[in-house]
Amino acid sequence: MSQNAAPGWDAGLYEGSFAFVWKKASGMIDLLDPTAGMTVLDLGCGTGHLSHEIAQRGATVTGLDSSPAMVAQARINYPNLKFMLADASNFTLPEPVDAVFSNAALHWVLKAEDAVRSIRAALKPSGRFVAEFGGKHNISAILAAVHAETGAENPWYFPSLGEYATLLEANRFRVVQASHFARPTKLEGVRGMEDWLEMFGTGLLSHVDPKTREAVVGRIVDRLRPTLYRDGEWFADYVRLRIVAIAED
């Protein structure tokens, strides 16, 4: 995750209340299809759970994240795997890999073209880039509610399918699969939206006076309740962009 947009992560909260981030990625692992002898970079690995799943299928995996807290927790969770601390927009590997995999991370990387160039440089010829992250219109209701209460603008990178495919093609990738789809995602507990804002909304709320922050968050949640609170459960209005691309010479 990029140091330009990512907050100071609370790895404990992430592990406890946001397991959906990796649990909903089983289809992404199938799309990657890791096999014995394959080398994979898990870009934006978080606390390492997907790196572990990739390794369980026989691949040699390295996890990369820009958050010291996340990397530290990943090393505790999976001491036999390799994790490195680096920025997705500016990293190098000792040797190129067969695939770069990324789940729910690249929307934090504001220097998107720098990230694409780093990913391309990390891949062997004909290596694969398999990624899913926030696309255009992601969390539009949440962003509108926050803006109405605080004036904050979207701090993330949510490209359209065409925008991101064009970026990849300009940097020697051939896009072989691309989709842009809504995926409303259930949040954990009665404080699901408050926890979401605490975990992921640091950039949105950073300028709010700490003395009034709780009240501001309460008003944001009240604005969202009619649309994102259903049958006693909170949902985030996620829209995802899924990409498979091949590195070309």
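This passage describes the fold of one protein chain and a few residues within it.

The model is predicted. The chain holds 11 helices and 10 strands. Of its 249 residues, 54% count as buried. The exposed surface amounts to about 10900 Å². Carbon and sulfur atoms supply 49% of that area. Contacts across the sequence were also examined. Among those between residues at least 6 apart in sequence, 76% join residues at least 24 apart.

Seven strands form an open sheet. Their order is 3-2-1-4-5-10-6, and the pairing is mixed. Strand 3 (82–85) and strand 6 (173–182) are the edge strands, each pairing on one side only. Neighbouring strands of the sheet are turned against each other by 15° on average, direction ignored. In general, strands of a sheet pair through backbone hydrogen bonds, either parallel or antiparallel. Strand 6 and strand 10 (residues 239–247) run antiparallel. Nine bridges join the two. Within this pairing, Phe181 has Arg240 of strand 10 as its bridge partner.

Two of the helices that meet these strands are described here. Helix 4 (residues 49–56) packs on the sheet. Helix 4 touches strand 1 (39–43), strand 2 (60–65), strand 3 and strand 4 (97–103). The direction of helix 4 makes about 170° with that of strand 2. Helix 6 (residues 112–122) lies across strand 1, strand 4, strand 5 (123–134), strand 6 and strand 10. Helix 6 runs at about 140° to strand 5.

The loop between strand 1 and helix 4 contains Thr47. The relative accessibility of Thr47 is 1%, so this residue counts as buried; the cut-off for burial is under 20%. The side chain of Thr47 makes a polar contact of 3.4 Å with that of His49. His49 falls within the residue range of helix 4, 49–56.

A second buried position lies in helix 8 (residues 161–169), which includes Ala165. Ala165 has a relative accessibility of 11% and therefore also counts as buried. Ala165 and Ala245 are 80 residues apart in sequence. In space, their C-alpha atoms are 8.9 Å apart. Ala245 falls within the range of strand 10, residues 239–247. Strand 10 is also the strand that pairs with strand 6 through nine bridges.

Terms used: Residues numbered from 1 in each chain as written. Predicted model: local features only at pLDDT ≥ 70, side-chain atom pairs only at ≥ 80, totals over all residues. Heavy atoms only, no water. Pairing = 2+ DSSP bridges. Helix = DSSP H or I, 4+ residues; strand = E, 2+ residues; numbered from the N terminus. Axes fitted to C-alpha atoms, helices over the stretch in contact; angles between N-to-C directions. Contact = heavy atoms within 4.5 Å. Buried < 20%, exposed > 50% of the residue type's maximum accessible area, 1.4 Å probe, protein only. Polar contact = N/O pair within 3.5 Å; in protein donor to acceptor, adjacent residues only side chain to side chain. Areas by Shrake-Rupley, 256 points an atom, 1.4 Å probe, with all protein chains shown as cover.
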